[in-house]
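Visitor: I would like to learn how to read a few features of a structure. Please take me through them one at a time.
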Amino acid sequence: MPQYAHSTARYAREVFLDSLITGVPQILLTDSVTRRVLKSIVLACCLVGFVYQTTEFLKIFWKYPTVLDIDVEYPEVIESPAITYCNLNGIKRIGFCQRYPERCSSPKNESNFCRHFPDVCQDDAPLNLQYPKEEALETEEDTTEGYLKEFGHLCNETLVYCQRISNQLNWLIPCSTNNTLHMTVSDGHTGYRNCYTLFSSISSNALRQHTLLVPKRKEALFHFVFDMQSEEYFRPDREVGAIVSIHSPSSLVNPFYDGFVIKPGNLYTVHLKMASIPKPSFP
């Protein structure tokens with residue numbers, strides 16, 4: 001029995017001497033018993049720590065947690081967005097009625113008319129209450145590009161004031177409207193409208209890299225003032241306002257589908273956020 005135990009111990013010693021586990025051969029080759037015990041304690045502590053770390057990691061792994069990393073960036077310079085706007089009205093009635101007086105008529109009771117439509121009756125101007133007759137209202141629904149060119153709202157009539165922040169001076173300067181794009185856009189119901197796009201990079205090489213300096217304080221990037229010209233509306237019962245869309249400068253949009261309505265007498269504050277559009281994937 002002692003011989004068997006001795007041969008087993010010798011065999012185990014030879015196996016551990018050839019072991020790839022770090023520290024085991026060094027412990028067996030150490031002559032000092034004290035150093036051998038210390039090394040064994042260190043190895044045991046390492047093994048206990050390894051088992052503990054592995055167990056804790058597996059507990060977290062088996063819970064299948066969701067990790068979300070949020071990286072908030074505040075860029076100093078951003079790409080300038082494009083702004084497309086349209087008046088909700090299509091044809092200006094005063095010009096139309098001056099050109100075709102036989103297709104227009106005045107209300108029979110002007111005081112009653114002004115009570116129902118006070119925006120049309122201005123106190124500081126002579127009344128011009130010539131409105132298209134019922135049969136002439138289809139003109140706006142079937143309007144052509146020529147009609148909009150002659151009777152439609154022009155860009156400087158709807159947008160009467162425009163300023164943007166300066167990259168160099170960090171204060172507002174007048175906008176350049178030299179590269180304004182004109183589009184004839186359908187509102188989806190009553191006909192076409194004159195619409196205009198500012199700061200588009202589609203037709204201007206100068207605006208391909210048009211950027212804006214982000215102010216350190218909460219200051220506006222743009223200031224716009226719109227005149228809806230309510231007295232020019234083709235129909236007195238139509239909602240007075242304009243429709244605006246803020247979008248990428250490298251695309252054109254229909255604001256009647258991608259915009260928001262603004263009404264006279266109000267102050268609107270719009271907060272912008274850059275967003276990346278995912279590319280479509282095809283099977």
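Visitor: Let us begin with pairing. How many bridges join strand 2 to strand 8, and in which sense do the strands run?

Guide: A reminder before the answer: this is a predicted model. Strand 2 covers residues 82–87 and strand 8 covers residues 192–198. Four bridges join them, and the two strands run antiparallel.

Visitor: Which residues stand opposite each other?

Guide: Take two pairs. Thr84 has Thr197 of strand 8 as its bridge partner. Cys86 stands opposite Cys195, also in strand 8.

Visitor: Where does this pair of strands sit in the sheet?

Guide: Read the strand order. The sheet is open, has five strands, and runs 7-8-2-11-12 with antiparallel pairing. Its edges are strand 7 (181–186) and strand 12 (260–262), each of which pairs on one side only. On average, neighbouring strands in this sheet are turned by 30° against each other, direction ignored.

Visitor: What links strand 7 to strand 8?

Guide: The two form a hairpin, with five residues between them. Gly188 lies in the turn and has a positive phi of about 85°. Six bridges pair strand 7 with strand 8, in the antiparallel sense. One contact to look up is Leu181, which stands opposite Thr197 in strand 8.

Visitor: Is strand 8 mostly covered or mostly open?

Guide: Mostly covered. Six of the seven residues in strand 8 are buried.

Visitor: Back to the cysteines. How do I decide what counts as a disulfide?

Guide: Use the sulfur distance: a pair counts if the sulfur atoms lie within 2.5 Å. By this rule there are three disulfides.

Visitor: What does the link of Cys86 and Cys195 look like?

Guide: The S to S distance of Cys86 and Cys195 is 1.9 Å. This disulfide links distant parts of the chain: Cys86 is in strand 2, Cys195 is in strand 8, and they are 109 residues apart. The angle about the S-S bond is 115°, and the link is right-handed.

Visitor: Why do Cys86 and Cys195 count as buried?

Guide: Check the relative accessible area against the cut-off, since buried means under 20%. Cys86 has 0% relative accessibility, so it counts as buried. Cys195 also has 0%, and therefore counts as buried.

Visitor: Why is the disulfide of Cys97 and Cys104 left-handed?

Guide: Look at the torsion about the S-S bond. For Cys97 and Cys104 it is about -85°, so the disulfide is left-handed. Their sulfur atoms are 2.2 Å apart. Both Cys97 and Cys104 are buried.

Visitor: And which cysteine is joined to Cys162?

Guide: Cys175, with S to S at 2.1 Å. This pair also links distant parts of the chain. Cys162 lies in strand 5 (residues 159–165), and Cys175 lies in the loop between strand 6 (172–174) and strand 7, 13 residues apart. The angle about the S-S bond is -80°, and the link is left-handed. Cys162 and Cys175 are buried.

Visitor: Why is there no bond between Cys45 and Cys46?

Guide: Distance again. The closest cysteine sulfur to that of Cys45 is in Cys46, 6.9 Å away, which is too far for a bond. Exposure is read from the relative area. Cys45 counts as exposed, because its relative accessibility is 51%. Cys46 has a relative accessible area of 48% and is partly exposed.

Visitor: Let us turn to the backbone. Where should I look for positive phi outside glycine?

Guide: Take two loop residues. Phe199 has phi near 60°, a positive value in a residue other than glycine. Phe199 sits in the loop between strand 8 and strand 9 (211–213). Its relative accessible area is 6%, so Phe199 is buried. Gln229 has phi near 55°, also positive and also not in a glycine. Gln229 lies in the loop between strand 10 (222–226) and strand 11. At 11% relative accessibility, Gln229 counts as buried.

Visitor: Last, the surface. Which residues form a nonpolar patch?

Guide: Ile246, Phe260, Tyr268, Val270 and Leu272. Together they have about 400 Å² of accessible area. One of them, Ile246, lies in strand 11 (residues 242–247). Ile246 is partly exposed, with a relative accessible area of 32%.

Terms used
Residues are numbered from 1 along each chain as its sequence is written. This is a predicted model: local features need pLDDT of at least 70, side-chain atom pairs count only at pLDDT 80 or more; totals for chains, interfaces and linings use all residues. Side-chain values use heavy atoms; hydrogens and water are left out. Two strands pair if DSSP finds at least two bridges between them. Axes are lines fitted to C-alpha atoms, for helices over the stretch in contact, and angles run from 0 to 180 degrees between N-to-C directions. Buried means under 20% relative accessible area, exposed over 50%, partly exposed in between (1.4 Å probe, protein chains only). Patches are made of residues with over 30% relative accessible area and no salt bridge: like charges are joined within 9 Å, nonpolar side chains (Val, Leu, Ile, Met, Phe, Trp, Tyr) within 5 Å. Accessible areas come from the Shrake-Rupley method with a 1.4 Å probe; for residues, only the protein chains shown count as cover. A salt bridge is a side-chain nitrogen of Lys or Arg within 4 Å of a carboxyl oxygen of Asp or Glu.
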